[in-house]
Number of protein chains: 6
Amino acid sequence: MKLSARNVLPGRVVAVTKGSTTAHVRVELAPGLIMTSSITNEAVDDLGLKVGDAVSAVIKSSDVMIGK
Amino acid sequence: MKLSARNVLPGRVVAVTKGSTTAHVRVELAPGLIMTSSITNEAVDDLGLKVGDAVSAVIKSSDVMIGK
Amino acid sequence: MKLSARNVLPGRVVAVTKGSTTAHVRVELAPGLIMTSSITNEAVDDLGLKVGDAVSAVIKSSDVMIGK
Amino acid sequence: MKLSARNVLPGRVVAVTKGSTTAHVRVELAPGLIMTSSITNEAVDDLGLKVGDAVSAVIKSSDVMIGK
Amino acid sequence: MKLSARNVLPGRVVAVTKGSTTAHVRVELAPGLIMTSSITNEAVDDLGLKVGDAVSAVIKSSDVMIGK
Amino acid sequence: MKLSARNVLPGRVVAVTKGSTTAHVRVELAPGLIMTSSITNEAVDDLGLKVGDAVSAVIKSSDVMIGK
């Protein structure tokens with residue numbers, strides 16, 4: 001499936017932290033460039049996410065702000 | 001100002017395209033790693049955004065999905 | 001690619017309206033149940049979206065409110 | 001109150017799962033068509049959400065991606 | 001309809017600017033406190049939004065960042 | 001850092017509630033005008049957020065709906 005999201009950035013999972021319903025997943029996109037994602041615990045289980053997995057961080061362009 | 005957003009990723013503007021109310025800005029975060037942002041034209045003007053500017057892409061972790 | 005988004009809802013494109021940078025796409029998920037999506041014109045072109053296409057509407061659960 | 005959100009989809013609550021601060025609510029929009037929503041526990045309490053309730057899933061069009 | 005969104009803030013429309021598909025609406029929440037909203041032109045028409053209207057700005061808590 | 005977000009609203013923290021991974025922070029923008037934000041516990045710690053702090057609520061205009 002190809003997505004309309006302009007940002008589909010490949011990387012590797014470096015951390016998975018589950019809370020009671022929400023989990024935080026960290027993905028390394030380039031050496032030292034880490035993207036943090038908050039997803040449901042259920043999604044972590046469905047995707048079987050674990051450290052070392054090759055994944056993509058997917059972000060809609062309307063969710064990206066610019067700071068200068 | 002320090003932000004609660006977990007993702008404040010430094011990069012350089014490589015393209016600015018204004019529409020009638022909404023603009024698209026591309027930021028290179030690492031060689032070949034481009035983030036596309038949709039912001040208001042007004043924000044482009046306020047920040048004086050132009051190609052070559054050092055900026056940060058700011059993304060709330062709840063707006064980052066994972067694909068695997 | 002499997003997504004962390006909890007909502008990946010199959011449907012059929014019933015309308016595509018492009019603006020100067022942003023397009024609106026309507027997807028019928030069930031008879032009479034229409035989902036409207038705002039995406040970039042660029043995404044419309046990349047996916048070659050047109051009326052009749054089988055697509056999915058993808059929505060992160062944190063972007064869904066409840067009204068009662 | 002009428003909303004600017006393009007997607008106000010009527011359905012019925014089929015599950016409510018509360019976490020420590022965030023809850024997941026599932027709404028059936030059509031037979032077999034389930035929408036998952038992450039909202040605050042506080043919202044669940046305020047709306048008195050429970051299985052069987054007639055509700056609407058409310059989604060801004062800029063939060064809907066398309067996959068093809 | 002009561003909403004799960006934690007932020008339903010009453011105010012008055014002080015400006016409406018339509019683009020080709022997306023409009024910007026400014027709402028004064030308190031003297032000098034302006035909230036800017038980007039919605040579809042279609043929503044502006046559906047709600048018949050015009051300067052002086054009593055409206056509410058509706059924001060999901062997961063879309064609010066904190067800067068300090 | 002100046003932000004593209006159209007809404008950077010100054011206020012004062014009136015409550016901080018941490019969950020297992022997600023926290024809720026309430027900010028008073030004007031007398032009686034409260035904005036609720038859901039951010040990561042990690043962000044609360046990084047910013048050292050506590051009641052009484054002068055902060056800003058930061059909201060992208062595309063995340064603001066209008067109700068009328």
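**Entry 1: a salt bridge between A and C**

I began with A:Arg6 and looked for its partner across the interface: C:Glu42 forms a salt bridge with A:Arg6, and the closest N and O atoms are 3.0 Å apart. I reminded myself that this is a predicted model, and I read every distance with that in mind. How many salt bridges does the rule find across the interface of chain A and chain C? The rule finds four salt bridges there. I then looked up polar contacts across the interface of chain A and chain C, and the rule gives eight residue pairs, both residues at pLDDT 80 or more.

Next I asked which elements of chain A supply this side. S3, helix H1 (41-47) and S4 of chain A each give at least two residues to the side that touches chain C. The largest share, four residues, comes from H1(A). I sorted the residues of that side by class and got seven nonpolar, five polar and five charged.

**Entry 2: the extent of the A and C interface**

I looked up how many residues take part: 17 residues of chain A are in contact with 17 residues of chain C. The size of an interface is often given as the accessible area lost when the parts come together. For chain A and chain C, the buried area is about 1,500 Å², and carbon and sulfur atoms give 58% of it. Which residues of chain A lose the most area to chain C? They are A:Met1, A:Arg6 and A:Leu47, which together make up 36% of what that side buries. I was pleased to meet A:Arg6 again, since this is the residue that forms the salt bridge with C:Glu42.

**Entry 3: turning to chain B**

Then I moved to the interface of chain A and chain B. Here 32 residues of chain A are in contact with 32 residues of chain B. The area buried between chain A and chain B is about 2,800 Å², with 62% of it from carbon and sulfur atoms. The count of salt bridges between chain A and chain B is two. I looked at one pair, B:Asp53 and A:Lys68, whose side chains meet in a salt bridge at 2.9 Å, N to O. For polar contacts across the interface of chain A and chain B, I found 16 residue pairs, with both residues at pLDDT 80 or more.

Which strands of chain A supply at least two residues each to the side that touches chain B? They are S1 (7-18), S2 (22-30), S3 (33-40), S4 (54-59) and S5 (65-67). S3(A) gives the largest share of that side, seven residues. By class, the side of chain A that touches chain B has 19 nonpolar, nine polar and four charged residues.

**Entry 4: strands that pair between chains**

I wanted to see a strand pairing that joins chain A to chain B. S5(A) and strand S4 (residues 54-59) of chain B pair in the antiparallel sense over three bridges. Which residue of S4(B) is the bridge partner of A:Ile66? I found B:Ala57.

I also looked up Ala57 in chain D, where D:Ala57 lies in strand S4 (residues 54-59). Is D:Ala57 buried or exposed? D:Ala57 counts as buried because its relative accessibility is 0%, and the cut-off for buried is under 20%. Leaving aside neighbours within four places in sequence, D:Ala57 is in contact with residues of two chains: C:Val64 and C:Met65, and then D:Asn7, D:Val8, D:Leu9, D:Leu29 and D:Met35. I noted one more pair, D:Ala57 and D:Arg26, which are 31 residues apart in sequence and 9.5 Å apart in space, C-alpha to C-alpha.

**Entry 5: the hairpins of chain A**

Last, I followed the chain A strands from S1 to S3. S1(A) and S2(A) pair in the antiparallel sense over six bridges, and they form a hairpin with three residues between them. In this pairing, A:Val16 has A:Val25 of S2(A) as its bridge partner.

S2(A) and S3(A) also pair in the antiparallel sense, over eight bridges. I found two residues between S2(A) and S3(A) in their hairpin, and A:Gly32 in the turn has a positive phi of about 85°. A:Ala30 stands opposite A:Leu33, and A:Val27 stands opposite A:Met35.

Why is S2(A) described as largely enclosed by the rest of the structure? Seven of the nine residues of S2(A) are buried, so the description fits. S3(A) is likewise largely enclosed, because seven of its eight residues are buried.

How values were computed:
Residues are numbered from 1 along each chain as its sequence is written. Chains are lettered from A and ligands numbered from 1 in the order in which they are written. This is a predicted model: local features need pLDDT of at least 70, side-chain atom pairs count only at pLDDT 80 or more; totals for chains, interfaces and linings use all residues. Side-chain values use heavy atoms; hydrogens and water are left out. Contact means heavy atoms within 4.5 Å. Buried area is the accessible area (1.4 Å probe) that two parts lose on being put together, summed over both. A polar contact is a pair of N or O atoms within 3.5 Å; within protein, one must be able to donate a hydrogen and the other to accept it, and residues adjacent in sequence count only if both atoms are side-chain atoms. Ala, Val, Leu, Ile, Met, Phe, Trp, Tyr, Cys and Pro count as nonpolar, Asp, Glu, Lys and Arg as charged, and the others, Gly among them, as polar. Two strands pair if DSSP finds at least two bridges between them. Buried means under 20% relative accessible area, exposed over 50%, partly exposed in between (1.4 Å probe, protein chains only).
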